[in-house]
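Visitor: I have a model open and would like to know how its labels are earned. Could you take me through a few of them?

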Amino acid sequence: MHPNMLNVSIKHFCTICAAILVLLLLYLPVNGQIIKQTIPDKTVVLTFDDGVASHYGHVAPLLKERGFGATFFVCEFPPNFADSTLYMNWRQMQQLDKMGFEVANHTHKHAPVGKLPEEDITRELSYIENKFDSLEMTSPISFAYPGYSMSPTVLQVLDQKGYLLARAGGSRPYNPLKDHPYLLPSWATDSGNEATIMEALQQAKNGQIVILTIHGVPDLEHPWVNTPPEMFQRYLDYLTENHFRVLSLKQLTEFIDFKQAGKKLKADFDKPLRN
Ligand SMILES: [Zn+2]
């Protein structure tokens, strides 16, 4: 081979290498940094809202038995928080934390934060943080919008306070490469939508996670979001028999870098976010 020809082919080879390298570098920052490790198919997150009494008395023991993770979003639901037949007391919420569940912030009084000014949002969140602190509970990193009430101001407060993620509605799967961590979508269960929820569970694949929002099991005070215990049992059996991985929101930090996601993704309020 003529020495010049060798030179030319090395040059060509290097041009191809450089092109591949550039393409890799363009691709990696988006994918490589938000996703810490591949999200297995059949990953489901269970979240329970409003600090309902049945969460402590009925739900938590059933989840524990199966080794399922879950997030409990607690508040002092007005006006009947003090009624122990309807709501958990703080000792019970503390117990959930001790049992290894994630206990997280749903504001002091189930406030429609999306309609409030910054000072009021801050006060509503701080009350729960201080309560956790005084009871030596794990500091909350997750938030859920009461009544799916949200605004850019709430997102600012969450950021200032160092929250990693916040759960909304929207009845669609969570795609960590597309959904902003402060606008995680979920489906809400009620006594009439078992078929919808079963269909939703089928969408936990190809990097998408299904998050369920569950109220009381049963919910005596808010019958429109009631999940009957027999129905809940069927969900648990289905998840077990079909080898789903059932986690809390916090356990997703094993797979997702929420801080990176927050920096890279736009908070899009035009997507469906309410149930
Ligand atoms: Zn709520």
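Visitor: What makes strand β6 mostly covered?

Guide: Happy to explain! A residue is buried if 20 or more other C-beta atoms, placed from the backbone, lie within 10 Å of its own (exposed: 12 or fewer; partly exposed: in between). In β6 (residues 184-188), five of five residues are buried, and a strand here is a DSSP run of E, at least two residues. L184, S186 and A188 are buried on one side, P185 and W187 on the other. This is a predicted model, where local features need pLDDT of at least 70, side-chain atom pairs count only at pLDDT 80 or more, and totals for chains, interfaces and linings use all residues. Residues are numbered from 1 along each chain as its sequence is written.

Visitor: How do you know that β5 and β6 pair?

Guide: Strands pair if DSSP finds at least two bridges between them. β5 (residues 165-170) and β6 have two bridges, in the parallel sense, so they meet that definition. R167 stands opposite L184 in β6. Two bridges also join β6 to the parallel β7 (residues 210-214), where T213 is the bridge partner of A188.

Visitor: Why is the set of 69 residues called a nonpolar core?

Guide: The name fits because such a core is a set of buried Ala, Val, Leu, Ile, Met, Phe, Trp, Tyr and Cys residues joined through C-beta atoms within 7 Å. The largest one here has 69 residues, with L46 and F72 among those having the most contacts inside it. Helix α2 (residues 53-66) gives the largest share, five residues.

Key. Helices (H or I, at least four residues) and strands (E, at least two) are DSSP runs, numbered from the N terminus.
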